[in-house]
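Work through the following exercises with the sequence and the 3D view side by side, and try each task before reading its solution.

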Amino acid sequence: AAEQPEAGDEAVDISVCEVLGMDEDAAPRIGVARMARPILDRRLSRRVRYVVVLLVPPAARHLSTKLGEALATSFMDEGLAGAVRRLNEDGAEGLVCAFDAYLSAMTILPTIHLPCDAEEAVQLPGSIVADSILSDKMVDSIEGVLCEERGASLHQPPHQSPLVQAIGRADGDEASFFIEVDEVCGPGRWRMTHRLRQGLELDAGRQSSGAHLPRVSVAALAQLRQMLTSSTVALDIAAECAVSAVNVAMDMLRRSHLPQAANDELARALVDRAVGAGVGNIRTSGTADGLGEVIKPVQNDEACHVLAITSRHIPPTTAMRGAFLRFKSPLNFSFPSTEAPVRFLVVFIGPEQAKLSTLADSVAALAVDEDLMGELNRAGAVSDFIEAFDRRLSSLQVIPHARLRQDTKSRSRLSDGSKAPELSLDIDPDHDVGYDLDVPWWWRKVVSIIQTWQV
């Protein structure tokens, strides 16, 4: 019952269409339309108000369903859905801006293994007890809220973790990771901006924000993937102290042909962070800035530090540089103010105009995923390390920004401009332009209306 639209819902119909006449190298094209009034789609018994058509060339057939699912997820975001409702007022440019904003701060749900309650434990072959996954708990919680809102009963049993994931964590050898993001905020000064642990993120300087799920930027993730090469990743580095660790990072970044003045600035900043000079709020990060105790590292945690350095000596058009290091056991050092021994160190440097903060925050958001970090920890070669990132980037779980409301009497379902209706989504991957004679008139019309842009 929780998955069905209610009376009065207005539908977004998303049609993914393979176009045989499109050039093989053409990028997918998208058209979005808001109908003047809802149109009853008798085939699905839904009132269609918004129509999205995604045109893909035959070469992109393998991506068509994923593209449709990604669009469906984006339209569940309240900010983007609001822009769709305002198409008549804001025009296509308003929708494009809203979509850019959505892609720049997507909330993701990392894979976090939670201890299973005794009464919920699932016994597996070999006396292995399955753990539970954070995403399963969240789905169960949302379904419960929706069912209570609609006066329905939740009949299905709680979601259970895939057995392969449970077995992968059952040996107890996987480390837990604490992630910290530090940025240079002036000559000789560092500040901590984010800390993450067990799927939660806390922002420094935002005392009222509290813990939240991590966020990523799609553009930053694309930049990250470009940086990951055999020359930017170093595995099983032996380091006896923090200074020797940052020296390895400096040597790697010097190969990227930065100006000498920028190299000198990089060296000073990294050594300062290694010895704890000019660390600002990092020294008191356990209690200041609303960070509390929940995100502090605990015994047996290993650390992943993400350091971002901007340099005025780097030309504005220069691409950001990065170095990714994994240190070998035994781990012999930690950074000042962080008790956890360092397993991973990520260093970024770029011009002052670069969006280093967004890049560093997105990398930290990925690093809180326990399955990804386990794969990175076990990677025997640089190619395995990079492939682990690729697998994670291809299967991000995105959480749209949406409010769950329980007062059904106060909910408006009329699309009258000031009050927003609920949106239900339908994805139809079976349309084939030029070959489906049963396509309704309004679907054919939207191919050429409102706005088309490249995905």
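**Exercise 1.** Describe the lining of the second largest cavity in this predicted model.

Solution. Begin with the residues themselves: the second largest cavity is lined by Ser 176, Phe 177, Ile 179, Arg 197, Gln 198, Ala 367, Val 368, Asp 369, Glu 370 and Met 373. Next, look for the elements behind them, and you will find that strand E9 (176-186) and H10 each give two or more residues to this lining, with E9 giving the most, namely 3 residues. Then sort the lining by character, which yields 5 nonpolar, 2 polar and 3 charged residues. Finally, note the volume, since about 60 Å³ of space lies in the second largest cavity.

**Exercise 2.** Describe the largest cavity and the character of its lining.

Solution. Start from the volume, which is about 110 Å³ for the largest cavity. Of the 13 residues that line the largest cavity, Cys 304, Val 346, Val 363, Leu 376 and Phe 389 are the closest to its centre. Sorting the lining then gives 13 nonpolar residues, with no polar and no charged ones. As a last step, trace the lining back to its elements: strand E15 (321-327), strand E16 (342-351), helix H9 (356-367), helix H10 (370-378) and helix H11 (382-393) each supply at least two residues.

**Exercise 3.** Work out the order of the strands in the open sheet that contains E4.

Solution. The 3 strands follow the order E12-E4-E17, with antiparallel pairing, and the edge strands, E12 (215-216) and E17 (398-399), each pair on one side only. Strand E4 (residues 106-108) pairs with E12 over 2 bridges, and Thr 107 stands opposite Arg 215 in E12.

Conventions: Residues numbered from 1 in each chain as written. Predicted model: local features only at pLDDT ≥ 70, side-chain atom pairs only at ≥ 80, totals over all residues. Heavy atoms only, no water. Pairing = 2+ DSSP bridges. Helix = DSSP H or I, 4+ residues; strand = E, 2+ residues; numbered from the N terminus. 1 Å grid on protein atoms, 1.4 Å probe; cavity = no way out; pocket = protein on both sides within 12 Å on 5 of 7 lines; lining within 4 Å. Points joined across faces, edges and corners; volume = space filled by probe spheres on them. Nonpolar A, V, L, I, M, F, W, Y, C, P; charged D, E, K, R; others polar.
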